Amino acid sequence: MSTFIGTETTAKVETQPRGKMIAYWSVTLLLAAALMLSGIGQLMQYGGNIELVKNLGYPLYVLTILGIWKVLGVIALIVPGFPRLKEWVHAGIFFLMTGAALSHAFASDYGFPIILPLSYAALNIASWALRPKSRKL
């Protein structure tokens with residue numbers, strides 16, 4: 001009679017604290033919603049986007065370029081997987097938002113037009129810092 005001795009294997013799953021996960025998704029979804037609405041508004045040339053771009057001295061086709069990149073960036077942030085792409089998206093959002101703030105500053109358009117993109121840049125940094133291990137390289 002043969003005896004089979006089984007070995008029990010356990011997988012150690014490292015989980016992120018619940019509070020940190022809630023903070024990550026709250027910040028990331030807020031950032032994603034703001035960027036998606038902004039991107040769609042730029043693609044539709046809705047609201048004051050045309051005047052804003054003209055006042056900064058940029059051509060109107062910049063709205064289409066920025067709108068497409070924002071929408072694609074939001075999709076990349078939300079879908080699971082692709083950690084390297086998410087790193088690039090976070091970098092792109094940071095450069096986009098700080099560049100927007102600087103554009104307004106150079107055009108002497110102070111106040112809210114500078115504060116808003118910097119707040120989006122801060123949300124982006126928070127989202128990047130709070131990301132779970134599955135979204136890191």
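These legends accompany close-up views of a predicted model.

**View 1. Tyr-24 and Trp-25 form an edge-to-face aromatic pair.** Two aromatic pairs are counted in this structure, and we start with the one formed by Tyr-24 and Trp-25. Their ring centres lie 5.0 Å apart, with 75° between the planes. The two partners differ in how much surface they show: Tyr-24 is buried at 2% relative accessible area, whereas Trp-25 is partly exposed at 29%. Buried means under 20%, so the value of 2% puts Tyr-24 in that class.

**View 2. Phe-94 and Phe-95 make an edge-to-face pair.** Here the centre-to-centre distance is 5.9 Å and the planes meet at 70°. Phe-94 is partly exposed, with a relative accessible area of 32%. Its partner, Phe-95, reaches 58% and counts as exposed.

**View 3. Tyr-24 of helix H1 meets residues from far along the chain.** Stay with Tyr-24 for a moment, and look beyond its aromatic partner. Setting aside neighbours within four places in sequence, Tyr-24 is in contact with Ser-127, Leu-130, Arg-131, Pro-132 and Arg-135. With one of these, Arg-135, the side chain of Tyr-24 makes a polar contact of 3.4 Å. A C-alpha distance of 10.0 Å separates Tyr-24 from Leu-123, although the two are 99 residues apart along the chain.

**View 4. Arg-131 and Glu-87 are joined by a salt bridge.** A search of the whole structure turns up one salt bridge, and this view shows its two side chains, with 2.9 Å from N to O. Glu-87 belongs to helix H4 (residues 83-106) and Arg-131 to the segment after helix H5 (112-130), so the bridge ties together parts that are 44 residues apart in sequence. Arg-131 is buried, at 11% relative accessible area. Arg-131 is also among the contacts of Tyr-24, which links this view to the previous one.

**View 5. Helix H4 packs its buried residues against four other helices.** At 1.5 Å a residue, the 24 residues of H4 should span 34 Å, and its end C-alpha atoms are indeed 34 Å apart. The buried residues are Lys-86, Val-89, His-90, Ile-93, Met-97, Ala-101, Ser-103 and His-104. Why might such positions recur along a helix? An α-helix has 3.6 residues a turn, so residues three or four places apart point the same way. The buried residues of H4 pack against H1 (18-43), H2 (49-56), H3 (61-78) and H5. Just after H4, look for Ser-108, which takes a positive phi of about 55°.

**View 6. The largest nonpolar core has 14 residues.** Which residues have the most contacts inside this core? They are Leu-31, Leu-35, Ile-93, Met-97 and Tyr-120. H1, H3, H4 and H5 each give two or more residues to the core, and H1 gives the most, with five. Ile-93 makes a handy landmark: not counting residues up to four places away in sequence, Ile-93 touches Leu-31, Leu-35, Leu-77 and Asn-124. Ile-93 and Met-97 are also among the buried residues of H4, so you can follow them from the previous view into this one.

Methods. Residues numbered from 1 in each chain as written. Predicted model: local features only at pLDDT ≥ 70, side-chain atom pairs only at ≥ 80, totals over all residues. Heavy atoms only, no water. Phe/Tyr/Trp six-rings, centres within 6.5 Å; stacked < 30°, edge-to-face > 60°. Buried < 20%, exposed > 50% of the residue type's maximum accessible area, 1.4 Å probe, protein only. Salt bridge = Lys/Arg side-chain N within 4 Å of Asp/Glu carboxyl O. Expected span 1.5 Å × (residues − 1). Contact = heavy atoms within 4.5 Å. Polar contact = N/O pair within 3.5 Å; in protein donor to acceptor, adjacent residues only side chain to side chain. Core = buried A, V, L, I, M, F, W, Y, C linked by side-chain atoms within 4.5 Å.
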